[in-house]
Amino acid sequence: MALAGGTGSGKSSLFNRLTRLSFADVGVKRPTTARVTACSWSAGADALLDWIGVDRERRIVQSGELDGSVHGDLSGLVLLDLPDHDSVEPAHREVVDRVLPMVDLLVWVVDPQKYADDALHSGYLREQVGSESSMVVVLNQVDTVPAGQRENLEEDLARLLRDDGLEGVWVQGVSARTGEGVDRVYDLLEEVCARRSVAAGRAAAELDAAARALLEQTPADVPWHTEAAVERELGALVEATGLDAVARQVGAAVRNGYGMPEFPPPDRDAIALSRSRWLTRAGASLRPGWQRALAESVASADQLRTAVAGALRSISLDTRGPASARALQRAGWLAVGVAAVLAVLGVLAVTGVLDLADPWPVVLLVSAVVVGVGGVALFVARVAMRRSLARRRERAVASAGRAALEQVLTDGLGTPTQRLLVDHRRVRELAASARDLPHGRPLTGSRRLPTADEVGASSTGRAAGGARESAPA
């Protein structure tokens with residue numbers, strides 16, 4: 001349990017009143033408390049105080065037998081007096097900020113002059129939303145307030161706490177100087193030590209805070225479709241590799257019968273730019289931490305470039321012509337030769353050089369024309385066959401290249417992104433589940449500490465001989 005508050009609130013005086021010792025520093029000079037002071041009702045608290053960082057000379061062990069206390073068992077309690085949170089010494093606030101997350105029950109000590117201080121409410125109290133079951137606010141120095149105004153003062157303090165988002169916080173007016181209201185604080189300490197559920201409530205509140213922090217870093221809606229993203233970036237990668245140009249070169253080589261096209265090295269800058277665009281689109285709805293994780297999970301620009309080069313090397317750039325094209329070419333040349341011979345013989349017959357009877361001269365000339373046309377047809381068929389094969393080879397290279405590049409994008413960028421987004425969704429689901437888990441058993445059967453009236457009533461009951469009802473921790 002820690003007493004925290006601002007300069008002059010009377011934390012150290014209340015600490016001394018609760019411990020019945022004059023161990024904490026009290027004085028006029030401000031700030032007085034410079035280091036954490038601890039009083040433990042157990043001899044086995046050294047390891048805990050070492051962890052918290054309390055100096056050895058700032059520790060004391062208390063026991064009911066020594067101080068003559070009429071109150072119940074406080075064994076297991078470790079009471080801390082913290083430096084002022086609003087101290088002019090920055091080191092004091094650093095101590096407060098370091099120790100506050102370590103305590104199970106936090107007691108804010110305020111005074112009638114500064115209980116509405118914005119530094120307290122905006123700097124600390126509003127950050128405690130969700131931890132109401134492990135927090136108490138004590139209004140000290142009520143002896144300086146007229147009796148008729150005390151209730152109004154406590155009601156105004158409770159209103160400010162509600163405005164901070166803190167519901168059901170236990171508020172108690174005390175006077176460390178006169179001892180007024182201190183017995184009710186003792187009653188609270190007894191109940192805390194008996195129930196031992198405050199630590200569980202504090203842990204539950206910290207889990208809630210962690211879950212809220214995770215949920216803030218994992219937005220619910222992260223629209224993403226890997227297939228569409230790959231398709232969007234595929235065109236840029238095709239251009240960076242010169243795939244379409246190489247496919248056209250293969251087609252031209254098949255048509256012309258010569259040429260040895262090959263893929264140039266992939267453009268490094270273009271691939272880096274493609275990866276950057278991917279990260280920008282995929283991380284548009286992610287928080288910075290997830291964006292960094294995304295950048296680390298996907299392939300680097302150099303890895304992508306190496307993968308692209310390897311994928312393109314596996315693509316066949318076959319420039320061989322059709323197997324029957326050579327036969328058609330030979331048959332065409334043969335037909336042209338035969339047509340030429342027939343034409344010569346026909347001309348010689350028509351001119352009388354060869355003595356051939358009718359109708360042989362005409363037959364020879366007609367045959368020459370027919371055979372010549374057949375030869376030309378064979379040449380045209382050969383060209384058409386090469387062009388058809390060239391188109392098929394060009395399409396095959398382009399299709400195989402796009403499939404290879406699509407696989408590179410999927411393996412290097414798509415799959416890691418999808419895996420991270422699955423983790424993102426799973427983290428959000430787990431954080432939401434953790435946030436919705438029920439807290440440990442709270443004090444007095446509610447998710448808050450008992451009110452002052454409830455503590456007073458239980459105290460009266462015990463004084464009349466009533467037995468305390470035991471409850472599991």
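The following questions and answers concern the strands, helices and surface of a predicted model.

User: In what order do the seven strands of the open sheet stand?
Analyst: The pairing within this open sheet is mixed. From one strand to the next, the twist averages 20°. The order of the seven strands is β3-β2-β4-β1-β5-β6-β7.

User: Which strands stand at the edges of the sheet?
Analyst: An edge strand has a single partner strand, so one side of it is left without a neighbour in the sheet. The strands in this position are β3 (59–61) and β7.

User: How many residues of strand β6 are buried?
Analyst: Strand β6 covers residues 135–139. Met135, Val137 and Leu139 point one way from the strand, while Val136 and Val138 point the other way, and all are buried. The number of buried residues in β6 is therefore five of five, each having under 20% relative accessible area.

User: Which residue of β6 stands opposite Val107?
Analyst: Strand β5 (residues 106–110) pairs with β6 in the parallel sense over five bridges. Between these two strands the chain passes through helix α5 (residues 118–123), and the β-α-β crossover is right-handed. Opposite Val107 stands Val136.

User: What is the bridge partner of Val137 in β7?
Analyst: Strand β7 (residues 170–173) runs parallel to β6, and four bridges join the two. The chain reaches β7 from β6 through helix α6 (residues 147–163), in a right-handed β-α-β crossover. In β7, the partner of Val137 is Val171.

User: Where is Gln141 found, given its positive phi?
Analyst: Most residues other than glycine have a negative phi. Gln141 departs from this pattern, with a phi near 65°. Its position is the loop between β6 and α6.

User: Do strands β2 and β4 run parallel or antiparallel?
Analyst: Strand β2 comprises residues 37–40 and strand β4 residues 78–81, and four bridges join them. Within this pair, Cys39 stands opposite Leu79 in β4. The direction of the pair is antiparallel.

User: Are the residues on the two faces of strand β1 buried or exposed?
Analyst: In strand β1 (residues 2–5), Ala2 and Ala4 lie on one side, with Leu3 and Gly5 on the other. Both faces are covered, and the state of these four residues is buried.

User: Which residue of β5 is the bridge partner of Gly5?
Analyst: Strand β1 pairs in the parallel sense with β4 over two bridges, and there the partner of Ala2 is Leu80. Strand β1 also pairs with β5 in the parallel sense, over four bridges. In β5, the bridge partner of Gly5 is Val109.

User: How many residues of helix α1 are buried?
Analyst: Helix α1 spans residues 11–19 and is mostly covered. The buried residues are Lys11, Ser12, Leu14, Phe15, Asn16, Leu18 and Thr19. The count is seven of nine.

User: What phi does Arg20 take just after α1?
Analyst: A negative phi is found in most residues other than glycine. Arg20, which follows directly after helix α1, has a positive phi. Its value is about 60°.

User: Why does Leu365 count as partly exposed?
Analyst: Leu365 lies in helix α15 (residues 360–436), and together with Val347 and Val350 it makes a nonpolar surface patch of about 240 Å². A residue is partly exposed when its relative accessible area falls between the buried limit of 20% and the exposed limit of 50%. Leu365 meets this condition because its relative accessibility is 32%.

Key. Residues are numbered from 1 along each chain as its sequence is written. This is a predicted model: local features need pLDDT of at least 70, side-chain atom pairs count only at pLDDT 80 or more; totals for chains, interfaces and linings use all residues. Side-chain values use heavy atoms; hydrogens and water are left out. Patches are made of residues with over 30% relative accessible area and no salt bridge: like charges are joined within 9 Å, nonpolar side chains (Val, Leu, Ile, Met, Phe, Trp, Tyr) within 5 Å. Accessible areas come from the Shrake-Rupley method with a 1.4 Å probe; for residues, only the protein chains shown count as cover. A salt bridge is a side-chain nitrogen of Lys or Arg within 4 Å of a carboxyl oxygen of Asp or Glu. Buried means under 20% relative accessible area, exposed over 50%, partly exposed in between (1.4 Å probe, protein chains only). Two strands pair if DSSP finds at least two bridges between them. A crossover is right-handed if, with the strands pointing away from the viewer, the path from the first strand over the helix to the second runs clockwise. Axes are lines fitted to C-alpha atoms, for helices over the stretch in contact, and angles run from 0 to 180 degrees between N-to-C directions.
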